[in-house]
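Q: I would like to learn how to read the features of a protein model step by step. Could we begin with the interior and then move outwards?

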Amino acid sequence: MISQPSTLGAPVKTLAAVPISDPLRDTRGLAYRLVERFAEKFAPCGVLPGDVLRGEITAVTRACLEFVHGALEGYDTAEKLERVRRAGADWAREGIPIDVIHRAVHEGFRIGLDLVLDAAAPADLARLVETVRRLLACQSVVDAAFADSYVREHRAAVAEHHAAVHTVASALLAGQPAAPMVRAGGIAIADSYFIFAMDIPKHPDEQLSRVDQVVARRKLRRVQSELAVRCSGRALSLLGTGGGTVLLPAAGVTPEVLDELVRGLSSAAQVPLTATVLEAETPDIPEAAERAHELLDMVQRLRNAPGLYRFDDLVVEYQLTRPGPGRERLGEVLDPLDDRPELLETLRLHLGNDLSRQRTARTLGLHANTIDYRLRRIAQLTGLDPAQSSGLWYLRAALVARSYRNAEAGVEMTRARA
C-alpha cells in the first residue's frame with residue numbers, strides 16, 4: 001500500500017491564521033469545474049456519457065481534492081486515498097488509458113496551484129513555497145495510488161486470462177468438448193487451427209548461472225508478449241522457456257503470416273526459433289499436435305536450420321521415420337562412417353544448410369575445400385556421392401533413418417539396464 005508521505009506535516013497557514021489551502025476548500029464546486037475541463041481537453045473523457053462524468057468521475061475528482069485539502073490541513077486522508085485506488089482499479093478494468101489518468105491528475109493540480117497562487121499575498125511567500133512543495137508531494141501520492149492500483153488490476157487480469165488460456169489450450173489438446181470451455185474461459189473456439197510445435201533455444205545469457213532463470217523468464221515473457229500482439233490475443237499457447245505448443249485460429253491467416261510470426265517471435269526471443277506447423281479442424285487437434293512435435297523432433301535430429309517447417313517440407317523425411325525393414329536397411333547405409341564422426345557431422349550440417357559449402361564451412365570453422373574433401377570421403381566410404389542427386393537423396397534418407405534407429409536402440413539399451 002502507498003502511505004501518505006511524512007513530508008506533508010502540519011497545516012500551512014498565513015500570518016492571518018487562514019490556511020493557504022483555503023482556495024481548495026470548495027471541493028464540490030471545484031470538482032465540477034475540473035471535470036468540465038477534463039471533458040474538453042482529454043478525448044476519452046469527452047466521449048463518456050454525461051451521467052458518468054457527473055457521477056463517478058466527479059466523485060473521484062472530489063475525493064482527490066479532499067485528499068489534497070485534508071493533507072494540507074493535517075486531516076486523516078486514508079479514506080480518500082483508498083477511494084482513488086479503487087477508481088484506478090475500476091478504470092483499468094474498463095480500459096481507460098493510464099496516461100489519460102495521469103494527465104488529468106496533473107491538469108487538476110495545475111489548476112489548483114493557480115488558485116492558490118492567485119489568492120496568495122506578498123506576505124505569504126515563505127508559506128507559499130512550503131505549500132507548493134507539499135502540493136507536489138500530494139501529486140506524487142495521487143499519481144502513485146492510481147498507478148499502483150492500475151498495475152495490480154492489470155496483473156490480476158493478465159493472470160486470469162493466462163489461466164483461462166491454459167485451461168482452454170490444455171482441453172483442446174486433450175480433445176475435450178469445446179462448449180464447456182467457452183463458458184468457463186470466455187474464449188471463443190475456432191473451427192480450425194494452425195498447430196505450432198516450437199523449440200526456443202537458450203539465450204546466450206542463460207549460460208550465466210547466477211541469472212539464468214531470470215534471463216529465461218524474460219525471454220519467455222518477450223515471446224508471449226510478441227505472440228499476443230501479432231495474433232491480437234487470439235493465440236492459445238502452452239509455452240515454457242524451452243518451447244511448447246501454440247494454437248492459432250486458422251481463419252484469415254495466410255502462409256506469409258505464419259512465416260512472419262515465427263520471425264517475429266525469434267526477434268523477440270533474441271534467439272532463432274525452430275517451429276513446425278500443421279492445420280487441423282478443432283476435433284483433430286490432439287493428433288495434429290502430436291504429429292507437429294514429431295516433425296519438430298525430426299528437424300532437430302537432422303540439425304536443420306532454424307525457421308518454420310510445414311508438413312509438405314518434411315513429408316518424405318516423415319515417412320522414412322516410420323518403423324519397417326526399409327528404414328532398417330537405410331539406417332545401415334551410413335555405418336561405414338561410424339569410425340569417422342567428423343564426416344557424419346559434416347554430412348548433417350551440409351544437408352541442414354541446404355548444401356551450402358560456405359555456410360557449413362563457417363559453422364565448422366573450416367575452409368570450403370576441406371568440406372569438399374570430406375564429401376568426397378563420404379562418397380568413397382558409402383558408395384553414395386553427395387554431389388549427385390541420386391546419392392544425395394539416399395544419403396538424406398539414410399541420415400533420417402539412422403537417427404531414429406540409433407535413438408530406439410538407445411531406449412532399448414536403457415530398458416535392458418533397468
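A: This is a predicted model, and its interior is a good place to begin. The largest nonpolar core has 47 residues, of which Ile 195, Leu 236, Met 298 and Leu 334 touch the most other members.

Q: Which elements give two or more residues to this core?

A: They are the helices α6 (125-173), α10 (285-301), α11 (311-320), α13 (341-352), α15 and α16 (389-417), together with the strands β1 (192-199) and β4 (274-281). In terms of domains, the core draws at least three residues from each of domain 2 (190-309) and domain 3 (322-416).

Q: With which residues is Ile 195 in contact, leaving aside its neighbours within four places in sequence?

A: Ile 195 is in contact with Thr 245, Val 246 and Leu 247, with Thr 276, Val 277, Leu 278 and Ala 280, and also with Ile 285, Ala 288, Ala 289 and Ala 292. Apart from the core just described, there is a second, separate core of 35 residues, which includes Ile 20, Ala 104, Val 105 and Phe 109.

Q: What percentage of the residues of the chain count as buried?

A: Of the 418 residues, 43% count as buried. The secondary structure of the chain comes to 16 helices and 5 strands, and among contacts between residues at least 6 apart in sequence, 70% join residues at least 24 apart.

Q: How are two packed helices described?

A: The description uses the angle between their axes and the distance between the axes. Here, helix α14 (residues 357-364) and helix α15 (residues 368-382) pack at an angle of about 105°, with their axes 8 Å apart. Angles of 65 to 115 degrees count as roughly perpendicular, and α14 and α15 are therefore roughly perpendicular to each other.

Q: Which residues of α14 and α15 meet?

A: Arg 357, Thr 360, Ala 361 and Leu 364 in α14 meet Ala 368, Asn 369, Ile 371, Asp 372 and Arg 374 in α15. Sorted by class, this contact has 4 nonpolar, 2 polar and 3 charged residues.

Q: What sign does phi have in most residues other than glycine?

A: Most such residues have a negative phi. In this model, phi of Gln 270 is near 65°, a positive value in a residue other than glycine, and Gln 270 is placed in the loop between α9 (255-269) and β4. At 49% relative accessibility, Gln 270 counts as partly exposed.

Q: Where does Leu 355 lie?

A: Leu 355 lies in the loop between α13 and α14, and its phi is near 65°, a positive value. With a relative accessible area of 36%, Leu 355 is partly exposed.

How values were computed
Residues numbered from 1 in each chain as written. Predicted model: local features only at pLDDT ≥ 70, side-chain atom pairs only at ≥ 80, totals over all residues. Heavy atoms only, no water. Axes fitted to C-alpha atoms, helices over the stretch in contact; angles between N-to-C directions. Helix = DSSP H or I, 4+ residues; strand = E, 2+ residues; numbered from the N terminus. Parallel < 35°, antiparallel > 145°, perpendicular 65-115°, else oblique. Contact = heavy atoms within 4.5 Å. Nonpolar A, V, L, I, M, F, W, Y, C, P; charged D, E, K, R; others polar. Core = buried A, V, L, I, M, F, W, Y, C linked by side-chain atoms within 4.5 Å. Buried < 20%, exposed > 50% of the residue type's maximum accessible area, 1.4 Å probe, protein only. Domains from an automatic or database assignment.
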